[in-house]
Amino acid sequence: EADVQPQKQKLADALYKKIPTGVSSDGGLLAVNSEELNKVLNLGMEYLLEKKLVWPEDIEKCEEGGRIKIADSTKVSERAKMRGISQVGSLGSGNHYLEVQVVDEIFDEAAATAMGLKKGGICVMIHSGSRGLGHQVCTDYLQKMEKSRDCIKSNDRQLTGVKINSSDGHAYLAAMSAAANFAFCNRSMMMNQARHIFSQVFGKSAEELDMHMVYDVAHNIAKVEDHIVDGEKKKVLVHRKGATRAFPPHHPEIPEVYQKIGQPILIGGSMGTNSYVLTGTQKAMEETFGSTCHGAGRVLSRSAAMRNLDSAAVMKDLLSKGIAVKVGTKSLIAEEAPESYLLNKKKIIGPNSSLIL
């Protein structure tokens, strides 16, 4: 923390300048052609490893090893690919963020040590996803499912479905998995750039700065997993919307380095409030199919926040707390103000995860 404080504004300026942001974010950090985009969609982080854009350990510390193998780029529309081809390695807008954080408090020394987290240390937390490509995949398949003979109707215009084992069901899972692979690569490219920026600012290599990844986990996804249902082990499709996986110690799908502590869970706070790193528990497997919350949760809609909060006042308050903020459209900062989110984390951290910092 002592090293970063004098360079705080310089670091914020460099990160903002060199990592694309905004709704369109054309000109992502990884330039790809159509063939290369298909490799991103099908291979995920394995493609980046071939290009030496991630460290081997990054893949080990990512959900599904950074590649969901049922992904099929042929199930992703050309419209979706067109929206995503220039966005690999871009933050986006809305509640997406890259935040430089200080480890303020540690509650479980053994777990923190396993993750490489130390009190007073610096972390970079990145929240982004599959960008316009993933949004278009959702739009495409909503429309397709509504027309399907297997369509399952609902009273929500944005919610429909088909049977998992129908042709449309299989196609959607393959397209959604491709979008998840895109998201793994998107975040990895920003992590790679953050490592370069820290290296330039502090005059040391990313390895010397100990910029190792803690974990990367999806937060809007449906996956086939094994769970105990009514006393029997069954394969189920677990939908996690605004939620993340929370697997316990000794689960076969978490990295060897975390086998004793459980899967790391990332709970992002809002600007001006704390974020948390937790670990999965057996109780999560019993009660929520190995799932927990993904963030603080909104108490004000974006439109309500814009009506009730003044962006200039929000920015002034953040600066008074020593928080350096860079935002594309300053007038929209009220949308993501601390007051827009649940501030008392005790309300959202329950028995499905253990607190680390």
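Reader: Which residues touch the most other members of the largest nonpolar core?

Author: In this predicted model, Leu-30, Leu-48 and Val-88 touch the most other members of the largest nonpolar core, which has 39 residues. Helix 2, helix 3 (45-50), helix 7, helix 8 and strand 3 (220-229) are the elements that give two or more residues to this core, and helix 8 gives the most, with twelve residues. A second, separate core of 14 residues includes Ala-14, Ile-19, Phe-198 and Ala-206.

Reader: With which residues is Val-88 in contact, leaving aside its neighbours within four places in sequence?

Author: Val-88 is in contact with Gly-28, Leu-29, Leu-30, Val-32 and Leu-37, and also with Phe-182, Cys-185, Asn-186 and Met-189. In soluble globular proteins, nonpolar side chains tend to be buried together.

Reader: Why is helix 2 called roughly perpendicular to helix 8?

Author: The axes of helix 2 (residues 34-43) and helix 8 (residues 167-202) cross at roughly 100 degrees and come within 6 Å. Because angles from 65 to 115 degrees count as roughly perpendicular, that crossing makes helix 2 roughly perpendicular to helix 8. On the side of helix 2 the contact involves Leu-37, Val-40, Leu-41, Asn-42 and Leu-43, which meet Ala-178, Asn-181, Phe-182 and Cys-185 in helix 8. Seven of the residues in this contact of helix 2 with helix 8 are nonpolar and two are polar, with no charged residue.

Reader: Why, then, are helix 7 and helix 8 described as roughly antiparallel to each other?

Author: Helix 7 (residues 131-147) packs against helix 8 at an angle of about 170 degrees, and their axes are 9 Å apart. Since an angle over 145 degrees counts as roughly antiparallel, helix 7 and helix 8 are therefore roughly antiparallel to each other. Helix 7 makes the contact through Arg-131, Leu-133, Gly-134, Val-137, Tyr-141, Lys-144 and Met-145, while helix 8 contributes residues including Asp-168, Tyr-172, Met-176 and Phe-182. The contact of helix 7 with helix 8 divides into ten nonpolar, two polar and three charged residues.

Reader: What makes Glu-63 buried?

Author: Glu-63 has a relative accessible area of 2%, and because buried means under 20%, Glu-63 is buried. Glu-63 has its place in the loop between helix 4 (56-60) and helix 5 (78-84). Leaving aside its neighbours within four places in sequence, Glu-63 is in contact with Phe-184, Tyr-215, Asp-216, Val-217, Ala-218, Lys-223 and Arg-245. From C-alpha to C-alpha, Glu-63 and Pro-255 are 8.8 Å apart in space, although they are 192 residues apart in sequence.

Reader: How do you know that Ser-291 is buried, and with which side chain does the side chain of Ser-291 make a polar contact?

Author: The relative accessible area of Ser-291 is 10%, which lies under the 20% cut-off, so Ser-291 is buried. Ser-291 is found in strand 8 (residues 291-293), and its side chain makes a polar contact with the side chain of Arg-240 at 2.7 Å.

Reader: Why is Glu-1 called partly exposed?

Author: Glu-1 has a relative accessible area of 41%, and because buried means under 20% and exposed over 50%, with partly exposed in between, Glu-1 is partly exposed. Glu-1 is found in the segment before helix 1 (8-18), and, not counting residues up to four places away in sequence, Glu-1 touches Val-102, Gly-120 and Ile-122. The C-alpha atoms of Glu-1 and Asp-104 are separated by 9.9 Å, with the two residues 103 residues apart along the chain.

Key:
Residues numbered from 1 in each chain as written. Predicted model: local features only at pLDDT ≥ 70, side-chain atom pairs only at ≥ 80, totals over all residues. Heavy atoms only, no water. Axes fitted to C-alpha atoms, helices over the stretch in contact; angles between N-to-C directions. Helix = DSSP H or I, 4+ residues; strand = E, 2+ residues; numbered from the N terminus. Parallel < 35°, antiparallel > 145°, perpendicular 65-115°, else oblique. Contact = heavy atoms within 4.5 Å. Nonpolar A, V, L, I, M, F, W, Y, C, P; charged D, E, K, R; others polar. Buried < 20%, exposed > 50% of the residue type's maximum accessible area, 1.4 Å probe, protein only. Polar contact = N/O pair within 3.5 Å; in protein donor to acceptor, adjacent residues only side chain to side chain. Core = buried A, V, L, I, M, F, W, Y, C linked by side-chain atoms within 4.5 Å.
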